[in-house]
Amino acid sequence: MIMVFYGSNGKSNPVSMENKVEHQTENQITYDIHLPSDLGMLYKVRLGLQSLESYISQLSPRHFKIQNTSTLDTFSLTINKTLPHSPNGDRWIEFPIQWPLKEALSVVTYHLTVFSRNILNERNLVHMTACIYGTHGDTGDRSLLQSLQNVQQEEKYESFLVAVDAVDLGELEKIVLLISSKTDCKLDIKKLHVQEAGKEHPIYVFEVNEEFSVNANKPKIQREIRGSFVIRGEKQQNDIDNNLNKEGSQVKKLSEYIIKVYTGDKRGAGTDSNVHLILFGNEDKSEVFQLSHSLEHQNPFERGKVDTFKIKTKDLGSLRSIEIGHDGKGFASGWFLEKVEITDAARNSVHCFNCNRSVDQSIITLCMLFSFSQVSQL
């Protein structure tokens with residue numbers, strides 16, 4: 001067994017459980033371990049298997065008691081979990097440390113969805129791991145191609161979901177991919193989505209858009225992917241807006257924008273996917289808005305329809321461009337976007353962003369086609 005300790009001052013290297021001090025009973029063993037540096041206040045431990053022997057059928061730790069021999073600080077953990085033991089799969093379990101009078105972090109199941117073009121055909125020859133990093137640490141390397149869920153194959157892309165159990169990571173920041181293969185191949189990865197199981201939002205989006213040339217005789221390919229943006233539900237976004245725009249007792253004034261989205265009038269133009277939008281001005285950019293509640297239609301983005309949305313955000317200055325895209329979910333995910341018109345209520349002006357093409361899951365950037373001042377009172 002090996003353990004990794006996480007504290008307020010960082011994390012340890014993997015610590016091997018080799019120095020057995022005492023074998024007290026058949027089901028209880030005491031080990032002496034040495035950490036190379038002061039990790040501060042410990043908040044989680046990761047436990048795994050360093051190597052897999054043929055005689056190990058399963059290992060089910062029940063209870064841990066850990067004591068700092070210098071300070072005599074002691075904490076106990078009840079686990080009652082079986083360590084995974086797939087030769088190429090995930091070998092780790094994580095658990096939070098409970099200190100007296102201090103609330104422990106919770107264990108969260110994260111759903112990581114991979115959008116690609118050809119990984120499923122190669123998955124028996126490819127080994128791929130992902131390490132998810134957040135403000136509360138990381139997951140360590142977790143296997144992506146062993147226990148796939150919600151596998152979908154469509155004409156232009158494929159997707160699959162991997163469940164990762166980890167102590168709450170906080171706000172997600174980046175993902176590090178490690179890729180190797182038994183044979184030479186090319187893997188085209190579009191993006192990664194991460195969200196908590198059972199929750200629609202937030203969705204952390206990590207854009208990749210890269211074709212990896214994997215060579216069987218070369219070391220693993222490592223790629224660090226920073227978070228591109230976060231899709232939040234309306235309530236979450238309103239809460240964030242309220243918190244971000246309060247400075248003492250003063251509240252910053254928000255700018256209102258009226259968004260009109262024109263879906264093309266041709267066969268298959270509509271979409272059932274979730275559409276998101278980012279506004280860019282000459283002074284700042286907005287957060288990601290989920291366009292879900294049309295003022296005209298219960299089901300937005302249908303063929304030949306115009307849907308209107310009202311959003312509020314910080315003052316962006318004069319609008320220059322937008323980014324718009326969707327998550328590809330739903331029965332009919334293809335979408336032909338004609339144009340987007342945005343009314344800036346504060347400046348009494350309208351900006352038109354022309355598209356006239358199909359929008360797949362990749363985000364597209366639309367620059368301003370024209371703008372004009374409104375003659376009538378808004």
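Two helices and 31 strands make up the secondary structure here, and the model is a predicted one. Of the 378 residues in the protein, 44% are buried. Long-range contacts feature heavily: taking contacts between residues at least 6 apart in sequence, 67% join residues at least 24 apart. The accessible surface comes to about 20600 Å², and carbon and sulfur atoms account for 45% of that.

**Nonpolar cores**

- The largest nonpolar core has 34 residues, and the members that touch the most others are I189 and L192.
- Elements giving two or more residues to this core are α1 (119-122) plus a run of strands, among them β10 (107-116), β11 (126-134), β15 (158-167) and β16 (172-181). The list also includes β17 (185-196), β18 (203-214) and β19 (221-226).
- A second core, separate from that one, holds 22 residues, including Y257, I311, L316 and V340.
- Grouping of this kind fits a general pattern: in soluble globular proteins, nonpolar side chains tend to be buried together.
- What does I189 touch once its neighbours within four places in sequence are set aside? Its contacts are V114, F115, S116, I119, M128, L177, I179, V208, N209, E210 and F212.

**The six-stranded sheet**

- Six antiparallel strands make an open sheet, running in the order β14-β15-β10-β17-β18-β20.
- Which strands sit at the edges? They are β14 (149-153) and β20 (229-231), each of which pairs on one side only.
- Going from one strand to the next, the twist averages 30°.
- At one end of that order, β14 and β15 run antiparallel and are joined by three bridges. Q149 has L161 in β15 as its bridge partner.

**V108, a residue in the sheet**

- V108 sits in strand β10, and β10 lies between β15 and β17 in the sheet order.
- Is V108 buried or exposed? Its relative accessibility is 8%, so V108 counts as buried.
- Skipping residues up to four places away in sequence, V108 is in touch with V164, D165, A166, D168 and E196.
- E94 is 14 residues from V108 along the chain, and their C-alpha atoms are 9.9 Å apart.

**Salt bridges**

- The salt bridge count comes to 15.
- K174 and E224 form one of these through their side chains, at 3.3 Å from N to O. This pair links distant parts of the chain, with K174 in strand β16 and E224 in strand β19, 50 residues apart.
- The two ends of that pair have their own burial classes: K174 is buried, at 16% relative accessible area, whereas E224 is partly exposed at 42%.
- D315 pairs with R347, the closest N and O atoms being 3.1 Å apart. D315 is in the loop between β26 (306-313) and β27 (319-326), and R347 is in the loop between β28 (335-344) and β29 (349-359), so the salt bridge ties together parts 32 residues apart in sequence.
- Both residues of this pair are partly exposed, D315 at 35% and R347 at 33%.
- R347 also meets the side chain of D344 in a salt bridge, at 3.4 Å from N to O. D344 is buried, with a relative accessible area of 0%.
- Elsewhere, salt bridges with shared partners join K11, K44, R46, E94, D138 and R142 into one network.

Conventions. Residues numbered from 1 in each chain as written. Predicted model: local features only at pLDDT ≥ 70, side-chain atom pairs only at ≥ 80, totals over all residues. Heavy atoms only, no water. Core = buried A, V, L, I, M, F, W, Y, C linked by side-chain atoms within 4.5 Å. Buried < 20%, exposed > 50% of the residue type's maximum accessible area, 1.4 Å probe, protein only. Helix = DSSP H or I, 4+ residues; strand = E, 2+ residues; numbered from the N terminus. Contact = heavy atoms within 4.5 Å. Pairing = 2+ DSSP bridges. Axes fitted to C-alpha atoms, helices over the stretch in contact; angles between N-to-C directions. Areas by Shrake-Rupley, 256 points an atom, 1.4 Å probe, with all protein chains shown as cover. Salt bridge = Lys/Arg side-chain N within 4 Å of Asp/Glu carboxyl O.
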